[in-house]
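Biologist: I'm new to this one, so please show me the model and explain the terms as we go.

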Amino acid sequence: MVPEAQVGEEMHKLASRLFPICRSITGSGVRETLTMLQEYVPLTLNEVPSGTPVFDWIVPREWNIRDAYILDPQGNKIVDFKRNNLHIVSYSVPIDVELSLAELQKHLYSLPEQPDAIPYVTSYYEEQWGFCLTHTERTKLKNGSYRVVIDSDLKNGSLTYGELIIPGQTEKEIFISTYICHPSMANNELSGPVVTTFLAQWLARMPRRYTYRIVFIPETIGSITYLSSHADAMKRNTIAGFNMTCMGDERAYSFLPSRAGNSLSDRVARTVLSHRHPEYVEYSFLERGSDERQYCSPGVDLPIVSIMRSKYNTFPEYHTSLDNLTFVTAEGLRSSYETMKDCLLLIEQNYFYQATNLGEPQMGRRGLYPTLGGKVPEGQVRMMMHILAYADGSNDVASLSSIIGVAPWELYPALGTLRSAGLIRG
Amino acid sequence: MVPEAQVGEEMHKLASRLFPICRSITGSGVRETLTMLQEYVPLTLNEVPSGTPVFDWIVPREWNIRDAYILDPQGNKIVDFKRNNLHIVSYSVPIDVELSLAELQKHLYSLPEQPDAIPYVTSYYEEQWGFCLTHTERTKLKNGSYRVVIDSDLKNGSLTYGELIIPGQTEKEIFISTYICHPSMANNELSGPVVTTFLAQWLARMPRRYTYRIVFIPETIGSITYLSSHADAMKRNTIAGFNMTCMGDERAYSFLPSRAGNSLSDRVARTVLSHRHPEYVEYSFLERGSDERQYCSPGVDLPIVSIMRSKYNTFPEYHTSLDNLTFVTAEGLRSSYETMKDCLLLIEQNYFYQATNLGEPQMGRRGLYPTLGGKVPEGQVRMMMHILAYADGSNDVASLSSIIGVAPWELYPALGTLRSAGLIRG
Amino acid sequence: MVPEAQVGEEMHKLASRLFPICRSITGSGVRETLTMLQEYVPLTLNEVPSGTPVFDWIVPREWNIRDAYILDPQGNKIVDFKRNNLHIVSYSVPIDVELSLAELQKHLYSLPEQPDAIPYVTSYYEEQWGFCLTHTERTKLKNGSYRVVIDSDLKNGSLTYGELIIPGQTEKEIFISTYICHPSMANNELSGPVVTTFLAQWLARMPRRYTYRIVFIPETIGSITYLSSHADAMKRNTIAGFNMTCMGDERAYSFLPSRAGNSLSDRVARTVLSHRHPEYVEYSFLERGSDERQYCSPGVDLPIVSIMRSKYNTFPEYHTSLDNLTFVTAEGLRSSYETMKDCLLLIEQNYFYQATNLGEPQMGRRGLYPTLGGKVPEGQVRMMMHILAYADGSNDVASLSSIIGVAPWELYPALGTLRSAGLIRG
């Protein structure tokens, strides 16, 4: 067991091991990733065959790639998939041709405004091929004949995802989802899988009221696939959930609410963030962009939120080669991990307490009140009296935190004392 | 059919034709007005006999006037109804007497602070007589004997109103009410009848979901009379409604909400105004002053609002001879007409859409999504995804407009595309 | 009967008579206080034996004190209960010993930051003894042997409270509670009992819709004792209530809402304060500190609020000898009395009115409307039209006051006129 003090470094190490793998929405990169994660947590791997109808979609053919490069007119390998897997447009079909520069240009992608970044481009559902490169490299290309080789295949296979159910005392579930379909980028997306993995380790050794359903899936098609066979049970049982993404850098926290906006997940996330990271930025659901698009869709309506550092589509490194293991740090990962723990602890502790007496109980004879009167009580005594005043069965701990104006963890000792004394029940 | 580009001018022309007629709450001026409107729209004229009980009221005797003037001591006609029908207090009883200036003064009305304006004064329910004149004219009057002649009569007859039902696909109705009881004033009130007339022409040639109930009535007694025989059906069927008044000048838009304040009419009016005329002023229902006083009264509770330019009782020209056809312009009338069309179009389009799939549909295979991924979609694609995300059957188009933060008309193309593709149903 | 103009002075006189009595939560001081109040209002005195279980508490033994003093090494009486009853810690056990200064110090209480104030200290539920003195006196004490005498006893007896039921036309009740357990302090707490006494006199001679339940009790243990035998009936019948405390100084008004925060009491108090004393300070229920702690506790949930001047625990004189009859004034008491009358009058008048007609009634034929039209009505006419517009059975007078934006007492004449004319019913 990794000591909590080293979790940040351990997570960063895992990210470093996963980083070089070429992931896409299907294929051996996904399997290799999930197999590596099985060293940490007992994931079940599931394979869904190409062609399976999932809601409005069909599981696509499986894509695998072995090599891809461009040779310049002098035969120099100028763009090489083996040096950076972002160089290839994901789901590129196999090819081996000679082209003029003009023809090649139609298949090249670069970012004039970030000339040293390789962009990340995909084409899952249309047969195409393409290469991504820095704009600096691109502008150096001279006229002549280029040879393009892509050694990939796109054929029937399956979509792979990992699943872990950590049972609790009740069938009610917390759902945690992250995605493993991005090639060599760190914040979006290795931070989500890495934090989720270590959070699952922590959950497994914690006493748990709730059952935890944790999935490692390809984004969009993966969440649709998973929902298509699990949505009914999930709608019945899920009381809260988190989509884990962009959790590894050190910039300000971001929060993307659920579509409903006021679910338990939303309330818990806002409570924790407002006390731990009050500078956090709350986005609108209009700015969504990950699997909450499926989880919160009409008729699915799961209570899923995202707690992030730099939100996808807002930071300059997003979807480029600049989103690397320097941008993502051990400290960034550790802080997200701790924040998620605070959220899950609050959900676990989040009883609707009810005072067992009418009127205030006599705290004094229980040794819970200063014996000398004359001034208003302070500190823990005041906290206990506030809890008793609002413990009417309609306020959960998140509400008590909001009403009393203190962090939930500041309430836990007083709640424990009152519960032990039989003065509240939950 | 008038081309839409000329509607403003045509409305101003109609206002000019109606302007000279001496209207009151009953009498030949009302009939002459409605008959002229029948040249434009197939109004039904209704006559309700004097003495008919209508709610707490009784339909008054009919008032008609042929002439009225004051002769000065030298026999000069100094105040002449035939030059401006505002000179006579509406419902003045007949008289033909000689009076001293002191006695005459008790029957004169002028505005010291607007010395060149003739005020508009009525006395419908108490037998009186009086003349209105500019304060400038009044201060010139010298002592001596004045002859006062009012050739009017006040006898049993009827109250006249016009009604037009434009049937739609359902029995559910939009109610549009305007009033035709004011003598020669333009904004308050010929703008309402004139815009209503051209709006009715437009409605008649539009495909319609809803039935339109349109009335041209005298204010207060007319709306009470109409409600006394139609309130039950209207309460059952009316989903939205507008009281049409003060719509012809070019100053900032005004909005008077319904008493409830959150009806469909309110939401639609605020949506349209906030996008078309964001500088509009929202008044409180406490500042009401027209037929919403009856339509929104307790137990009637119809969802009636007013979209105005300069609101009655707030502009200096109000209820004086300064409210004329210079103050009301073709452009002012046209803009109100267009704004009302936007409101009615929104009501017609205002379905509660429901996405037909669980999860996002696969837009790509329908040609509705860029095939190359990597960045968040924009423009129409983004609009469609937002609509799908919120099409849960609880949001109508007015709500979608508010949630997504775009004008409803910017949603119509995307809604049409999604509907045609079978991805939403309403 | 005291003329209303002299009520302030009479209340201050009563406070002066009550001031010297040494009150605590039980004992002869409470009885003497209640007996004196019986000269003003027909209170019933109730005795609850020591040892009686009341909710989570037990009625304590009765404490009585005859004398207490400290003799300095020279035999001078340096602290003397007979000069100021704050010198003794309430519920001090009897003692007669010689002590060194060092040992004596453990039993002394003073306020270094208010060196000329004697603090108020209690120890109801732990057997202790102690003396309170000014810090100035304390710092003068020299080493030597001190004799300490407390001639008190703490034995089985009873807890005493006063109760007054003033019947109304219905069983529905207004609850008024104040406390009589503080020794010689004026604002906290003689102002509450004194204003309550005179308010009870006024109520007894007023026509009343509601029954008034008025109690004079010791704080905390008294309200718990009273609730333990009356809570069920009170929960059934109480529509509003006030905890009367800190009502005698002349500083800004304070308002402590009920726990629910939106009860009739809250609405009425805010309505009256916002019109009479718009500079009032609204506190959070988190800043509670008196018997609302019991009355608003979970499962009791009575609609009890406090209208105060300087709120307990916020003013420098609080719980010291500086809270005296100079700080509390006739004018301060009078203003609180008037404010409470405004609240009770509003509750008595607080019907949910319903207009009896559909549409506006014809005010003119009832002489309630100017006969000459043309401008919007003002003053009383406008007020009546507003009331009629909102008299839909869902708005009580407190709501009408808020909607129309006028003080409730400005509505009473118009409400009376409309009710007499049969145009509204409540």
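Modeller: Let's begin with chains C and B: 24 residues of chain C are in contact with 27 residues of chain B, where contact means heavy atoms within 4.5 Å. This is a predicted model, with local features needing pLDDT of at least 70 and side-chain atom pairs counting only at pLDDT 80 or more. Residues are numbered from 1 along each chain, and chains are lettered from A in the order in which they are written.

Biologist: What makes D56(B) and R366(C) a salt bridge?

Modeller: The rule asks for a side-chain nitrogen of Lys or Arg within 4 Å of a carboxyl oxygen of Asp or Glu. In this pair the closest N and O atoms are 2.7 Å apart, so D56(B) and R366(C) fit the rule. Across the interface of chain C and chain B, 4 salt bridges are found.

Biologist: Which elements give two or more residues to chain C's side?

Modeller: Those are α10 (379–390) and α11 (397–404) of chain C. Of the elements, α10(C) gives the most, with 6 residues. Helices here are DSSP runs (H or I, at least four residues), numbered from the N terminus.

Biologist: How do you know that the span of helix α9 of chain A agrees with what's expected?

Modeller: The expected span is 1.5 Å times one less than the number of residues. For the 20 residues of α9 (330–349) that gives 28 Å, and the end C-alpha atoms are 28 Å apart, so the two agree.

Biologist: And why is α9(A) called mostly covered?

Modeller: Buried means under 20% relative accessible area (1.4 Å probe, protein chains only). In α9(A), 15 of its 20 residues are buried, hence "mostly covered".

Key:
Side-chain values use heavy atoms; hydrogens and water are left out. Buried means under 20% relative accessible area, exposed over 50%, partly exposed in between (1.4 Å probe, protein chains only).
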